[in-house]
Every structure is written in structure tokens, then in C-alpha cells.
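Open the model in your viewer and keep the sequence panel beside it. This tour goes stop by stop, with a selection to make at each one.

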Amino acid sequence: MNILMDKRNGKTVLSLKEERVDAHNAGELKDRLLKALEEDGQALVIDLNQVQFIDSSGLGALLSGYKNANLRASGFALVGLQPLVKSMFELTRLHRVFEIYPSMEEALAG
Amino acid sequence: MGDKSETIFSVDIEIPNQTRYLRLIGNIAEQIARDLDVANGDCDTLAYHLNLVLTEAVANAIEHGSPGDPKNTVRICISIEDKNLCVRVYDHGQGFNLEAVSAPEFADLEEHGRGIFFIRSLMDSVEYRKTEGGNVLEMRKKLA
């Protein structure tokens, strides 16, 4: 899975450079999120701008990241959700769980 | 095929029991959805939904398949007849009890258990039954 990692405003920004997050790559995403949390303990901002498709496994991987961040009292925010990707969060009510920001500026300030 | 009042269309695909083929199946599903003439329909939404339903069903079949079996494949049949979409996904595994799969508790932050929920939410009917040598998940939807 192609993920760009960047440090901005004291946060770790992970930009997913994949069009699909599904059962094939969700396990790797889960591992990479955990590794990023373990490495420096900074709040994570996950940029999903390039993700056009997510399935239940992809949502599960993000939920794993969210729960691991919570255990470490660290932030975990999502940004750049495409409308149909966002609709999957809404269908499963997960938009009420995650911190979801409309722009990177707001995610970094939040 | 969009200008016909009645469309008869079917594809039959067999893939190895591996998740790397989910993208291919999803792309085929999207392409089929985009070729449909959906009255008042949002083509992008239907394409996403069909992609998701196929992705979830095939991932489920791969998970419940039997890796040691020489018939280590998943078969997918998609047919459309007069605006009735039917998707069948066949596996060679032991199967599972669809009726026992309940809707996820939304307050419960379980990482698994949303795949069947997506299929049930986006399709009109879902059945899972035994076939010769395995099982089939049959999903139907009336297209607008």
C-alpha cells in the first residue's frame, strides 16, 4: 500500500495514495497505522483524498487505528473524504465516531 | 444496451480464491453499472454500490472458502433481465449461517461485521444456500 508520511504542525499526516481500500490491502493499512502511532506518538491525520472506494475491511482498519490512538490518548482525524466514500461512513454511523474534517487546514488546527 | 425496454445480460466469471482479484471484480461491476440505463438514477452511486456488493460478497466467499481444496476458486454470475439485477457468488467452503449474522451495533466499535450489513442495505433480497459442492450467496435488486 502506497502511503506518504509527513509531519505537519506537530501531527503525522498519512496520505493514502490508493484508489481502493478493500480486503486485499486493509490489513496492511491497519499495520501501518499502528506502526505510525507506536513510532512517535503524535496525533494522526489520515488524508483519504485519493481514495475512491472503501469497503467494510477498510472501515475496520481505520476503526482499529482510531481505537489504538484512543488507547494512547492520541488524536486520530480523517480528511478529504470523497462523497461516496463518506456515504459509507454515514451508512454505518461511523461519521459520528471519527473526527472528520473538510480540509487539511482544519484537520491540522483541530 | 440502454435504449432497450428489456435487457437480457449475463456474465460468468471464475477467479482464484485470492483477495488480489477483488479490484478486477469491482471494476467489472462498476463498468456494468455504468452501462445500465437507470431512470433518474445516479450512475456513480449505482456503480459504487454494485462494486461494494461484489467486493463484500467475493471477500466473504474467499474467507469462507477452503484454501486446501483443488477447486480453490470463487465463481461470480451477474445477470440483468428486464431491470432485475441478480448477483450470485459461489464458494466451495463449509458455508455460514446468514440468518445468524445480525446487523452491527452502531455504538459497538467492532472492526468486523459490516460486510453483510452493506449487502443487505444496498440490495432488495439476500439468500445463502447450499449447492452441489459448496454454497451460493444470491443477491437481487430491482433497478429503477
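Two residues are in contact if their C-beta atoms, placed from the backbone, lie within 7 Å. Keep that cut-off in mind for the first stop. Note also that this is a predicted model.

**Stop 1: the helix pair in chain B**

Select residues 22-35 of chain B, helix 1, and residues 43-64, helix 2. Their axes come within 8 Å and cross at roughly 145°. The crossing of helix 1 of chain B past helix 2 of chain B is right-handed.

Now show the side chains where they meet. From helix 1 of chain B, pick Leu22(B), Ile25(B), Gly26(B), Ala29(B), Glu30(B), Ile32(B), Ala33(B) and Arg34(B). Facing them from helix 2 of chain B are Cys43(B), Leu46(B), Ala47(B), Leu50(B), Asn51(B), Leu54(B), Thr55(B), Val58(B) and Ala59(B). Colour this contact by class: twelve residues are nonpolar, three polar and two charged. As you step along either helix, remember that an α-helix has 3.6 residues a turn, so residues three or four places apart point the same way.

**Stop 2: the sheet of chain B**

Zoom out to the whole of chain B. It holds three helices and five strands. Along the sequence they follow the pattern β-α-α-β-β-α-β-β. Of the 144 residues in chain B, 34% are buried. Among contacts in chain B with a separation of 6 or more, 66% link residues 24 or more positions apart.

Hide the helices. What order do the five strands of the open sheet in chain B take? They run 1-2-3-5-4, with antiparallel pairing. Go to the edges next: strand 1 (8-16) and strand 4 (125-131) of chain B. Each has a single partner strand, so one side of each is left without a neighbour in the sheet. On average, neighbouring strands here are turned by 15° against each other, direction ignored.

Select residues 73-81 and 84-91 of chain B, which are strand 2 and strand 3. Seven bridges join this antiparallel pair. For one spot to label, take Ser79(B): opposite it in strand 3 of chain B is Cys86(B).

**Stop 3: the sheet of chain A**

Switch to chain A. Here, too, five strands form an open sheet, in the order 1-2-4-6-7 and with mixed pairing. The edge strands are strand 1 (3-8) and strand 7 (99-101) of chain A, each pairing on one side only. Neighbouring strands of this sheet are turned by 25° against each other on average, direction ignored.

Start at the edge. Strand 1 of chain A runs antiparallel to strand 2 of chain A, with six bridges between them. Label Ile3(A) and its bridge partner in strand 2 of chain A, Leu16(A). Then find the hairpin of these strands, with two residues between them. Asn9(A) takes a positive phi there, near 50°.

Move on to residues 43-47 of chain A, strand 4. Is this strand enclosed or open? Five of its five residues are buried, so strand 4 of chain A is largely enclosed by the rest of the structure. Rotate to check both faces: Ala43(A), Val45(A) and Asp47(A) lie on one side, Leu44(A) and Ile46(A) on the other. In a regular strand the side chains alternate between the two faces of the sheet.

Now look at the partners of strand 4 of chain A:

- Strand 2 (residues 11-16) of chain A runs parallel to strand 4 of chain A, over five bridges. Lys11(A) has Ala43(A) as its bridge partner, and Ser15(A) stands opposite Asp47(A).
- Strand 6 (residues 76-79) of chain A is also parallel to strand 4 of chain A, joined by four bridges. Here Ile46(A) partners Leu78(A).

**Stop 4: helix 2 of chain A and the interface**

Show both chains. In contact are 18 residues of chain A and 22 residues of chain B. On the chain A side, helix 2 (56-71) and helix 3 (83-91) each supply at least two residues. Helix 2 of chain A gives the most, with seven residues. By class, the chain A side has seven nonpolar, six polar and five charged residues.

Finish on helix 2 of chain A itself. Its 16 residues reach 22 Å from first C-alpha to last, close to the 22 Å expected. Its buried residues include Leu59(A), Leu62(A), Leu63(A) and Tyr66(A). After helix 2 of chain A comes Ala73(A), with a positive phi near 55°.

Terms used:
Residues numbered from 1 in each chain as written. Chains lettered and ligands numbered in written order. Predicted model: local features only at pLDDT ≥ 70, side-chain atom pairs only at ≥ 80, totals over all residues. Buried ≥ 20, exposed ≤ 12 C-beta atoms within 10 Å, placed from the backbone. Nonpolar A, V, L, I, M, F, W, Y, C, P; charged D, E, K, R; others polar. Pairing = 2+ DSSP bridges. Axes fitted to C-alpha atoms, helices over the stretch in contact; angles between N-to-C directions. Expected span 1.5 Å × (residues − 1). Left-handed = near helix turned anticlockwise from the far one by under 90°.
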